[in-house]
Amino acid sequence: MRLFALLLACASFFVSPGALAQQMAPDALVKSVTDEVLDIIRKDKDIKAGSTKRAIELVEQKVLPHFNFTRMTALAVGKDWRQATPEQQKVLTDEFRDLLVRTYSNALIAYKNETVDYRPFKMQAGETDVTVRTQIHQAGARQPIALDYSLEKNGNAWKVYDVVVAGVSLVTNYRSSFANEIRNGGIDGLIKTLKAKNSSLEAAAKK
Amino acid sequence: MKTTIKRQAGKLTVLVAVAALLGGCATSGNPKDPVEGFNRAMYGFNEGLDKVLIKPVATGYETVLPSPLQTGVANFFSNIADLMIGVNNLLQGKPAQAASDAGRVLVNTTVGFLGILDVASTMGMEKHEEDFGQTFGRWGMDDGAYVVWPFFGPRTVRDTIGLAFDVATDPLSYVDHVPTRNTLWAVRIVSDRAELLKADKVIEEAALDKYSYVRDAYLQRRRSLIHDGNPPKFDPYSGSGEGKSAEARDGTAASSQVAARN
């Protein structure tokens with residue numbers, strides 16, 4: 001009995017709240033993160049006033065931990081990913097993440113008066129790659145916008161590796177422009193372009 | 001009226017021929033975009049037209065008109081469009097959706113004051129998005145090359161043929177009083193554009209190269225629409241299509257496509 005209590009104590013020590021969240025089913029995970037973020041957006045004064053900085057903070061804090069950006073960047077880069085050195089892969093991932101976070105944060109600010117519907121979700125036992133479908137309803141709009149998340153299970157955690165808006169993958173939509181950059185200037189050329197894009201966005205946000 | 005349609009169809013045929021002649025010039029090698037030089041020029045023309053005329057008018061419209069009225073205008077045109085959306089659903093072998101579209105027109109035209117209120121949606125009759133391009137896709141027609149038309153914007157060859165049918169069957173085309181018809185067309189363009197104003201900034205910020213971003217988004221979007229939002233998962237660059245291969249997982253599927261191209 002004492003041994004059992006000891007085991008239980010150890011277990012509760014290791015199972016942090018974060019680890020619990022990682023064991024959530026993919027649909028429950030998407031729902032809890034979405035609801036939390038929408039709740040904050042509706043209440044936060046800075047975001048209501050259009051603060052990109054605050055929106056980015058929110059996304060970094062609440063949304064980023066559930067995304068697998070290395071996987072996303074590899075998908076966007078395509079076959080040239082293997083040619084990139086580990087350092088290049090890291091820089092590419094960081095820059096691509098910055099670009100997506102900024103774009104996504106601004107979309108959050110633009111579309112704040114929306115409600116989200118969760119489509120029925122079914123999952124076979126043992127599945128490791130699923131799509132969670134949601135619908136965004138905007139006030140006054142006749143048709144909801146489909147917003148689908150592709151998630152993959154790594155160990156115990158489900159991580160998003162693609163976001164599909166109205167049938168358009170935010171990740172693979174970059175593939176041909178990335179391939180073009182790589183063809184013209186190699187992996188470093190793409191890195192340079194992404195860095196330039198991010199700093200111009202940052203400069204525009206400061207205005 | 002019929003001559004207008006014929007003339008428009010004629011113009012389209014000429015443009016298709018011109019595009020075909022231009023094939024092979026100035027490409028960056030995307031197999032879906034063999035007339036990229038022509039397309040980029042047309043894209044530039046449309047962007048210019050949007051910048052100096054359509055966007056300013058749409059922005060003014062959005063600023064001046066109270067938002068419930070904007071919704072009313074958009075609903076009015078949406079109701080007219082539901083008629084052919086229903087026909088296309090029928091042509092695609094989806095009688096239940098077609099019946100719901102017919103129900104929408106019936107309810108919205110009467111209870112919804114000529115479509116200004118979308119009562120049907122609140123009654124649970126979902127709005128669909130269908131056109132002849134999708135119908136032909138559903139019937140198995142290949143989408144063909146990507147083409148950007150002046151004024152009409154991005155299409156594929158299949159969607160261009162679809163567009164000719166859409167214009168020919170557009171109820172607005174059958175308004176005989178020419179000034180009324182032109183006014184309705186103009187208001188519809190402005191109303192449609194106003195609804196897209198928010199998306200502008202997002203695309204502007206997201207894209208490294210706006211032209212290819214819009215192109216790839218158009219192609220993905222059309223593919224998704226043809227499958228009513230549930231396209232079979234595939235890597236857009238694997239060429240072979242259906243089924244998600246183990247290769248596609250780490251992004252190497254693109255290599256087979258590039259190899260095939262070289």
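This tour visits chain A, the contact between the two chains, and one helix of chain B in a predicted model.

**Chain A**

Begin by selecting chain A and colouring it by secondary structure. Eight helices and five strands should appear. Traced along the sequence, their pattern is α-α-α-α-α-α-α-β-β-β-β-β-α. Next, colour chain A by burial: 30% of its 207 residues count as buried. If contacts in chain A between residues at least 6 apart in sequence are then displayed, 57% of them join residues at least 24 apart.

**Where chain B touches chain A**

Now show both chains and select the residues in contact across them. On chain B there are 35 such residues, facing 30 residues of chain A. To locate the chain B side, highlight α3, α9 (197–206), α10 (210–226) and α12 (253–261) of chain B, the elements that each give two or more residues to it. Pause on α10(B), which supplies the largest share, nine residues. Colouring the chain B side by residue class then gives ten nonpolar, 14 polar and eleven charged residues.

**Helix α4 of chain B**

Finally, select residues 95–110 of chain B, which form helix α4. This helix has 16 residues, and the distance from its first C-alpha to its last is 23 Å, close to the 22 Å expected at 1.5 Å a residue. Show side chains for its buried residues: B:Q97, B:A98, B:S100, B:D101, B:R104, B:V105, B:V107 and B:N108. What covers these residues? Add α3 (67–91) and α5 (119–122) of chain B to the view, as both are included in the cover over the buried residues of α4(B). Helix α3 of chain B was also met on the previous stop, among the elements on the side that touches chain A.

Conventions:
Residues numbered from 1 in each chain as written. Chains lettered and ligands numbered in written order. Predicted model: local features only at pLDDT ≥ 70, side-chain atom pairs only at ≥ 80, totals over all residues. Helix = DSSP H or I, 4+ residues; strand = E, 2+ residues; numbered from the N terminus. Expected span 1.5 Å × (residues − 1). Buried ≥ 20, exposed ≤ 12 C-beta atoms within 10 Å, placed from the backbone. Contact = placed C-beta atoms within 7 Å. Nonpolar A, V, L, I, M, F, W, Y, C, P; charged D, E, K, R; others polar.
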